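Q: Please show the structure, and then let us check what the terms used for the ligand site rest on.

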Amino acid sequence: MFDPDRFIAWLTTKWVARPFHFFRELPSTNSWLKSSSDLETGTVVITDNQVTGRGQYDRKWVSEPGQKLMFSVVLRPGNPKQMHTITLVAATACAEVLQTYTSSRICIKWPNDIYCESKKIGGILVESSFLGGKIDKLVLGIGLNVNQTLYADDLSTAGSLRLFSESQNPIEREKLLAKILIELERRLDIWEMRPESVRMDANRRLIGFGCYGTIEKNGSSNSDRYKFMGVNHDGFPTFLTADADIVTFRSDQVRFVPDKGPCDPM
Ligand code: BTN
């Protein structure tokens with residue numbers, strides 16, 4: 001089980017997870033923070049068993065007690081409209097830390113998935129919470145598959161960090177979470193001062209960055225080919241068309257499908 005004392009021993013942050021709350025069981029860490037008032041920026045809530053965890057597009061996020069990391073953070077960015085950028089800052093922070101556990105490539109699938117090779121090992125859900133008609137806070141929720149070793153079949157797109165880890169031993173979730181929150185704080189601080197600086201780090205980790213492929217909109221695609229140029233300053237993906245125009249899609253319903261075969265990213 002997750003040990004909050006071990007976690008606090010690793011934590012060296014200034015404002016993220018100051019304070020933090022740990023619950024053995026909770027419906028959803030995002031919901032808990034959204035429905036609580038008077039929370040300080042940086043407040044973190046962690047649970048070991050999330051009974052009604054939520055993913056993007058109202059999908060369920062299934063809990064496996066003792067195996068995953070499930071946590072949420074209260075944020076109040078200067079510009080709360082930048083939800084996509086927050087997602088990317090958080091995804092990059094997670095990816096950089098997860099990369100220290102494996103030699104397999106950790107990537108980000110825009111807008112909110114964390115992959116190791118072809119397996120999804122984590123997801124991010126950013127939600128806004130309103131007070132008196134105004135955005136009071138953003139709730140950044142992160143779910144990571146850490147120690148699971150059993151998956152229904154090899155065709156499953158889900159995986160865990162442990163499956164790609166160099167070590168035979170289970171990963172210490174308390175230390176991993178502390179490292180992620182330290183990196184998240186560092187990147188959020190940089191982002192507030194120099195918003196441009198997060199883009200290149202995120203782009204380098206994006207699946208298909210610099211590659212050619214097709215675009216799926218709302219599940220359907222045509223044969224038009226694009227080169228994926230990474231995300232713009234609002235966190236939305238940009239593409240080079242065959243006519244040498246740059247186009248941006250401001251919808252989560254857009255998926256870039258890189259061509260099969262080798263791609264030499266920029
Ligand atoms: C996705 O992959 O669609 C996003 C998954 C986000 C899951 C996390 S777990 C912690 C937080 N609380 C929730 O209910 N959801 C997020």
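Q: What makes the pair formed by R54 and the ligand a polar contact?
A: A polar contact is a pair of N or O atoms within 3.5 Å (within protein, one must be able to donate a hydrogen and the other to accept it, and residues adjacent in sequence count only if both atoms are side-chain atoms). A backbone N or O atom of R54 is 2.7 Å from a nitrogen atom of the ligand, so the pair meets the cut-off. The model is predicted: local features need pLDDT of at least 70, side-chain atom pairs count only at pLDDT 80 or more, and totals for chains, interfaces and linings use all residues. Residues are numbered from 1 along each chain as its sequence is written, and side-chain values use heavy atoms, with hydrogens and water left out.

Q: Which atoms of Q56 and K120 lie at what distance from an oxygen atom of the ligand?
A: A polar backbone atom of Q56 is 2.8 Å from a ligand oxygen. For K120, an N or O atom in the side chain is 2.6 Å from a ligand oxygen. The protein covers 98% of the 410 Å² of accessible area that the ligand has on its own (Shrake-Rupley method, 1.4 Å probe).

Q: Which residues are closest among those that surround the ligand?
A: The shell holds 20 residues, with S28, Q50, R54, Q56 and K120 the closest; a residue is near a molecule if one of its heavy atoms lies within 4 Å of it.

Q: Which element gives the most to this shell?
A: β6 does, with four residues. Strands are DSSP runs of E with at least two residues, and helices are runs of H or I with at least four, numbered from the N terminus.

Q: How many residues of the shell are nonpolar, polar and charged?
A: Five are nonpolar, 12 polar and three charged. Ala, Val, Leu, Ile, Met, Phe, Trp, Tyr, Cys and Pro count as nonpolar, Asp, Glu, Lys and Arg as charged, and the others, Gly among them, as polar.

Q: Why is the peptide bond from W110 to P111 worth noting?
A: Most peptide bonds are trans. The bond from W110 to P111 is cis, with omega near 5 degrees, and P111 lies in the loop between β4 (106–109) and β5.

Q: What is the phi of D58, and where is D58 placed?
A: D58 has a positive phi of about 60 degrees although it is not a glycine. Its place is in the loop between β2 (44–47) and β3.
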